Amino acid sequence: MDDSTDLMMTVVRGGIDYARVILRGRIDQCAVQRLRTQLGAVLDSGARYLTVDLAGMNGCDENVLDVLGWAACRASLQDGWLALDGVNHHIRFAAR
């Protein structure tokens, strides 16, 4: 396993309400589950405002977007939001 390409997540808290989640590396199905667990833990700990930094990721597929959408809904239910940072390409969200 090449550690330089595995997904690394860093959470930086800015008080009780705010968290910045920095993602680096590649993401596979196992990493998607880890991301969901980590975002859930951050939200459960009281954060309502999340910024997710995608600049260091080697791609972003629909599974990642599903997790981000889930986290955005969770944040919204807590009267918060989720913002994306470091997006190098357009991401389109389509209503289903």
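This is a short walk through one protein structure, from its overall layout to a few single residues.

First, the ground rules. The model is predicted, so local features need pLDDT of at least 70 and side-chain atom pairs count only at pLDDT 80 or more, while totals for chains, interfaces and linings use all residues. Residues are numbered from 1 along each chain as its sequence is written, and side-chain values use heavy atoms, with hydrogens and water left out.

Let's start with the layout. The protein has two helices and four strands. Helices here are DSSP runs of H or I with at least four residues, strands are runs of E with at least two, and both are numbered from the N terminus. Along the sequence, the pattern reads β-β-α-β-α-β.

How much of the protein is buried? Of its 96 residues, 30% count as buried. Buried means under 20% relative accessible area, exposed means over 50%, and partly exposed lies in between, with a 1.4 Å probe and protein chains only.

Now contacts along the chain. A contact means heavy atoms within 4.5 Å. Take the contacts between residues at least 6 apart in sequence: 69% of them join residues at least 24 apart.

On to the sheet. It is open, with four strands in the order 1-2-3-4 and mixed pairing. Two strands pair if DSSP finds at least two bridges between them. Which strands stand at the edges? Strand 1 (8-13) and strand 4 (81-85) do. Each has a single partner strand, so one side of each has no neighbour in the sheet. From one strand to the next, the twist averages 20°.

Look at one pairing. Strand 3, residues 49-57, pairs with strand 4 in the parallel sense over five bridges. Leu50 has Leu82 in strand 4 as its bridge partner.

Next, the helices on the sheet. Helix 1 packs on it, touching strand 1, strand 2 (18-25) and strand 3. The direction of helix 1 makes about 10° with that of strand 1. Helix 2 lies across strand 3 and strand 4, and runs at about 145° to strand 4. For these angles, axes are lines fitted to C-alpha atoms, for helices over the stretch in contact, and angles run from 0 to 180 degrees between N-to-C directions.

How do the helices meet each other? The axes of helix 1 (residues 29-44) and helix 2 (residues 62-77) come within 10 Å and cross at roughly 10°. That makes helix 1 roughly parallel to helix 2, a term for angles under 35 degrees. On the helix 1 side, the contact includes Val32, Leu35 and Leu39. On the helix 2 side, Val67, Leu68 and Trp70 are among the residues met. By class, this contact has 10 nonpolar, three polar and three charged residues. Nonpolar covers Ala, Val, Leu, Ile, Met, Phe, Trp, Tyr, Cys and Pro; charged covers Asp, Glu, Lys and Arg; the others, Gly among them, are polar.

Now the cysteines. How many disulfides are there? Zero. A disulfide would be a pair of cysteine sulfur atoms within 2.5 Å. Cys30 counts as exposed, because its relative accessibility is 53%. Cys73 is exposed too, at 51%.

Two last residues. Leu54 lies in strand 3. Is Leu54 buried or exposed? It is buried, because its relative accessible area is 8%. Its C-alpha atom is 9.6 Å from that of Gly25, 29 residues apart along the chain. Val87 lies in the segment after strand 4. Val87 is partly exposed, at 35%. The C-alpha atoms of Val87 and Ala55 are separated by 6.0 Å, with the two residues 32 apart along the chain.

How values were computed:
Parallel < 35°, antiparallel > 145°, perpendicular 65-115°, else oblique.
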